[in-house]
Amino acid sequence: LICFNHHCFILRHEEFEEGCRATCNGPYDGKWSKTMVGFGPEDDHFVAELTYNYGVGEYRLGNDFLGLTLQSSQAVSNAKRLGWPLTEVGEALYLVEAPGGYHFYLVDKDQPHNDPVQKVCLAVSDLPKSTHYWSSLLGMKVMERNEEKKTVLLGFTDTQCKLELYNIGGTVDHGTAFGRIAFSCPHKQLPDLEALMTKENYKILTPLVSLDTPGKATVEVVILADPDGHEICFVGDEAFRQLSQMDPSGNALLDKAMAEDKSDEWFAKHNKQKASA
């Protein structure tokens, strides 16, 4: 795990003995963990969920996730100090690749007081169709359209991380390393959202279901798929606020889990290889 900024925190770490009923860890049945990483509390910051499947050795990247943009000159100088490869792709804009191959764009400007994560970019094959889905059906506001770049920028509010849709002019391939975008909303809205998608004939991957986290709150979720198959999780906010409380022991729990992870040794001892997803 690499955080380019000293303000990036391990917010919580959770271990699970079997696969998630809503495929939160992908289509895998075995032991897995999730680690929430962000620049502040999940209530008002974008947070990345890092999912680790103990039995999976590698994933195949698709062309679906095009990058995450954050503003922090500290992140740029940290990357330079650590010798992490940076590619200048614009004025005060650098591209950096995370260990799994995911792209991050670093804006070389002072980190704002609020969330420095500016936007997440997803590939789409039909920009008008996707814009209709995310704005008219899911209620996001169109903030900006750029015909030349073939992008649309959307958000629920001006102060939150934005979603950018980029028309790649071809099929979106999710590979096996795909994730999902998640939002919280009042739990009473979840049945209505599910009913709307049924009425509009859009895919519902997981109808309304309750998910348990050992020792923590049980949350309700509905998981959808947009026209290009991007997975979208809506979670009931009331229980999620309890579940997503920052855990002061999150860092220690992650360190402990990494120290105790003997999966590589087990596979080597039994002369087996971890699965390639």
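Q: What makes β5 and β9 a pair of strands in this predicted model?
A: Two strands pair if DSSP finds at least two bridges between them. Strand β5 (residues 65-71) and β9 are joined over five bridges, so they count as paired. Their sense is antiparallel, and L68 stands opposite V120 in β9.

Q: How do you know that β9 also pairs with β12?
A: The cut-off is again at least two bridges, and six bridges join β9 to strand β12 (residues 162-167), so this is a pair too. Here the strands run parallel. V120 takes part once more, with L163 as its bridge partner in β12.

Q: Why is strand β9 called mostly covered?
A: Buried means under 20% relative accessible area. In β9 (residues 117-124), six of the eight residues are buried, so "mostly covered" is a fair description.

Q: Why is C20 called buried?
A: C20 has a relative accessible area of 17%. Buried means under 20%, so C20 qualifies.

Q: What makes C161 buried, and how do you know that C161 is in no disulfide?
A: The relative accessible area of C161 is 18%, which is under 20%, so C161 is buried. For a disulfide, two cysteine sulfur atoms must lie within 2.5 Å. The nearest cysteine sulfur to C161 is that of C121, 11 Å away, so C161 is in no disulfide. A search of the whole structure finds zero disulfides.

Q: What makes the contacts of L224 worth a look in the largest nonpolar core?
A: That core has 38 residues, and L224 is one of those with the most contacts inside it, along with Y133, W134, L138, L165, M197 and F234. Contact means heavy atoms within 4.5 Å. Leaving aside residues up to four places away in sequence, L224 touches partners including Y133, L138, M197 and F234, as well as K203, H230 and E231. A second, separate core has 15 residues, including A217, C233, V235 and A239.

Q: Why is K119 called a lining residue of the second largest pocket?
A: Lining residues have an atom within 4 Å of a pocket point. K119 is one of the 24 residues that line this pocket, so K119 has such an atom. K119 is also among the closest to the pocket centre, with T69, L93, K149 and E164. The volume of this pocket is about 660 Å³.

Q: Which strands give two or more residues to that lining, and which gives the largest share?
A: β5, β8 (103-107), β9, β10 (141-146), β11 (151-155) and β12 each do so. The largest share, four residues, comes from β5.

Definitions and conventions:
Residues are numbered from 1 along each chain as its sequence is written. This is a predicted model: local features need pLDDT of at least 70, side-chain atom pairs count only at pLDDT 80 or more; totals for chains, interfaces and linings use all residues. Side-chain values use heavy atoms; hydrogens and water are left out. Buried means under 20% relative accessible area, exposed over 50%, partly exposed in between (1.4 Å probe, protein chains only). A nonpolar core is a set of buried Ala, Val, Leu, Ile, Met, Phe, Trp, Tyr and Cys residues joined through side-chain atoms within 4.5 Å. On a 1 Å grid over the protein atoms alone, a cavity is a set of points where a 1.4 Å probe fits but cannot get out, and a pocket is an open set with protein on both sides within 12 Å along at least five of seven lines; lining residues have an atom within 4 Å of a point. Grid points are joined across faces, edges and corners, and a volume is the space filled by probe spheres set on the points.
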